Amino acid sequence: MSELLSRHRAVMPTWLSLYYDEPIEIVRGKGNRVVDAEGRSYLDFFAGILTNMIGYDVPEVRDAVERQLATGVVHTSTVYLLRAQVELAEKIARLSGIENAKVFFTNSGTEANETALLLATYARGTDQVLAMRQSYHGRSFGAIAVTANRSWKNNSLSPLNVHFLHGADRHLTQFRGMSDAQYIAACVDDLRHLLATGVANDVAALIAEPIQGVGGFTMAPDGLFRAYKDVLDEEGVLFISDEVQTGWGRTGSAFFGIQNHGVTPDMMTFAKGLGNGFAVGGVVARGDLMDGPHAIGLSTFGGNPVSMAAANATLDYVLDHDLQRCAAVTGAILIDGLRAAMPRLPVVGDVRGKGLMFAVELVDPGTGAPSPALAARFMEETKKLGLLAGKGGLYGNVLRMAPPLTLTEDEAREGLGIILTALETIDEETGK
Ligand code: PMP
């Protein structure tokens with residue numbers, strides 16, 4: 001055991017899996033690659049769980065942050081005017097497509113979701129909230145309450161009354177054999193039934209991830225969110241899209257994930273990639289919700305000048321380099337390449353995703369059952385070959401990959417080669 005790993009017991013939670021038999025200590029990064037303490041280089045296909053949106057050591061981000069540090073002000077307080085914050089809010093409000101939008105900055109996705117849930121419950125005067133099966137929204141009371149993924153539930157004494165809707169859990173027996181249209185009709189029926197009979201009074205909001213991140217990059221079929229939104233609109237129930245993983249062009253086909261579904265939400269929450277490693281989160285919402293009688297007010301560090309400098313530089317970079325289009329192109333190389341290989345790889349149960357957010361599900365080739373053991377093997381094999389991936393999903397058998405949006409076409413092909421080599425090795429081993 002390395003010296004650093006043996007000291008990791010000082011870090012809570014000590015049971016946390018560090019992904020590999022011998023966990024990696026990353027000490028440097030450049031472009032879309034990182035280097036570990038032993039000098040091994042990796043193509044980064046997880047980007048710090050989608051945090052390094054435009055790669056490592058980006059001069060534009062470094063310069064913006066250094067310029068801010070050179071002023072001598074890391075942070076004073078958001079009670080003062082802050083140009084970078086106003087500029088970033090204006091950009092996000094415009095990009096959101098939400099009418100008369102305003103932005104509130106936080107330090108994390110959890111805090112962003114907590115804020116959105118507070119705003120929704122204030123605006124609607126009820127603690128009833130809808131969320132999706134298999135969801136993950138963060139680590140606070142409210143965010144855990146709307147999280148359905150059992151691994152992350154803990155014992156939350158919820159401040160909210162939460163009801164979970166069907167979406168990406170279409171594999172359930174009761175839905176087998178249904179067409180998309182039949183499935184959507186069944187889900188809408190369920191929602192209408194719940195609204196009519198299952199809630200004590202008005203419902204504040206539905207919170208949903210357009211593609212479920214921690215859940216294993218699982219997706220509701222096209223048309224479901226639109227159908228839900230139509231029902232919710234009839235009742236005045238708000239729609240919160242959690243864009244913590246799906247925002248900023250990552251899905252290739254839209255700038256925010258929910259826009260793939262033709263839905264303009266009332267609020268969106270974001271975090272992770274926007275600061276390209278610096279802690280930035282926030283809520284963008286309809287102005288009337290933000291300006292309600294219980295306006296949220298202040299976050300001491302939310303919107304601080306260093307994070308704002310990093311976020312402005314990152315967002316400008318994404319827009320100036322049309323990284324949404326890049327994600328569409330490189331994502332297609334990867335997703336198409338993996339799909340094409342599926343027939344000769346019985347360990348691969350599913351390949352799914354949009355743009356640079358894609359997943360491979362590993363199954364026991366004999367039974368088709370989810371295989372977390374094979375996912376763990378894949379992690380070791382790709383580490384050896386110099387690629388970082390993520391894993392997760394409800395059963396721990398989903399390989400999640402989401403490289404920086406700056407991934408080049410050559411790097412996409414290189415990564416595809418490594419992934420396929422690792423899958424072939426695992427497939428051979430299981431066939432023995
Ligand atoms: N929402 C989603 C969809 C997430 O994936 C995450 C983090 N994995 C969060 C919220 C919570 O964000 P944070 O860890 O920054 O609090």
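Which residues does T126 touch, not counting residues up to four places away in sequence? The legends below take this up first, then move on through other close-ups of this predicted model.

**View 1. T126 and its contacts.** T126 sits in the loop that links helix 5 (109–124) to strand 5 (128–132). Leaving aside residues up to four places away in sequence, T126 touches T121, N201, D202, V203 and A204. One of these partners, A204, is 78 residues from T126 along the chain, yet the two C-alpha atoms are separated by 5.9 Å. Is T126 buried or exposed? T126 counts as partly exposed, because 19 other C-beta atoms lie within 10 Å, and 20 or more would be needed for a buried residue.

**View 2. The shell around the ligand.** Here we look at the 16 residues around the ligand, of which S108, G109, T110, G138 and V244 come nearest. Which element gives the most to this shell? That is helix 5, with three residues. By character, the shell divides into four nonpolar, nine polar and three charged residues.

**View 3. The seven-stranded sheet and helix 5.** Seven strands make up an open sheet in the order 4-12-11-10-7-5-6, and their pairing is mixed. Strand 4 (101–106) and strand 6 (161–165) stand at the edges; each has a single partner strand, so one side of each is left without a neighbour in the sheet. From one strand to the next, the twist averages 20 degrees. At one edge, strand 4 pairs with strand 12 (residues 281–286) in the antiparallel sense over six bridges, and V103 has V284 in strand 12 as its bridge partner. Helix 5 lies across strand 4, strand 5, strand 7 (205–208), strand 10 (238–242), strand 11 (267–270) and strand 12, and runs at about 25 degrees to strand 12.

**View 4. The four-stranded sheet.** This open sheet has four strands in the order 1-2-3-15, with mixed pairing. Which strands stand at its edges? They are strand 1 and strand 15, and since each has a single partner strand, one side of each is left without a neighbour in the sheet. Strand 2 (residues 33–36) and strand 3 run antiparallel and are joined by three bridges. Follow the pairs along the strands: R33 has L43 in strand 3 as its bridge partner, while V35 stands opposite S41. Strand 2 and strand 3 form a hairpin with four residues between the strands, where G39 takes a positive phi near 85 degrees. On the way to the edge, strand 3 runs parallel to strand 15, with two bridges joining them; D44 has L388 in strand 15 as its bridge partner.

**View 5. Helix 13 and what covers it.** How does the span of helix 13 (residues 409–431) agree with its number of residues, and why? At 1.5 Å a residue, its 23 residues should span 33 Å, and the end C-alpha atoms are 32 Å apart, which agrees. The buried residues of this helix are E411, A412, G415, I418, I419, A422, L423 and I426. An α-helix has 3.6 residues a turn, so residues three or four places apart point the same way. The cover over the buried residues of helix 13 includes strand 3 (41–44), helix 11, strand 13 (348–354), helix 12 (372–385) and strand 15 (387–388).

**View 6. Strand 17 and its partners.** Strand 17 (residues 398–401) is covered on both faces: V398 and R400 are buried on one side, L399 and M401 on the other. In a regular strand the side chains alternate between the two faces of the sheet. Strand 14 (residues 357–362) runs antiparallel to strand 17 and is joined to it by four bridges, with A359 and R400 as bridge partners. Strand 16 (residues 390–392) also pairs with strand 17 in the antiparallel sense, over three bridges, and K391 stands opposite L399. Strand 16 and strand 17 form a hairpin with five residues between them, and G393 in the turn has a positive phi of about 85 degrees.

**View 7. Two loop residues with positive phi.** Most residues other than glycine have a negative phi. Y19, in the loop between helix 1 (3–6) and strand 1 (26–30), has a positive phi of about 75 degrees. Y19 is partly exposed, with 16 other C-beta atoms within 10 Å. D322 has a positive phi too, near 45 degrees, and lies in the loop between helix 10 (305–320) and helix 11 (323–341). D322 counts as exposed because it has 12 C-beta neighbours inside 10 Å.

Terms used. Residues numbered from 1 in each chain as written. Predicted model: local features only at pLDDT ≥ 70, side-chain atom pairs only at ≥ 80, totals over all residues. Contact = placed C-beta atoms within 7 Å. Near = placed C-beta within 6 Å. Nonpolar A, V, L, I, M, F, W, Y, C, P; charged D, E, K, R; others polar. Pairing = 2+ DSSP bridges. Axes fitted to C-alpha atoms, helices over the stretch in contact; angles between N-to-C directions. Expected span 1.5 Å × (residues − 1).
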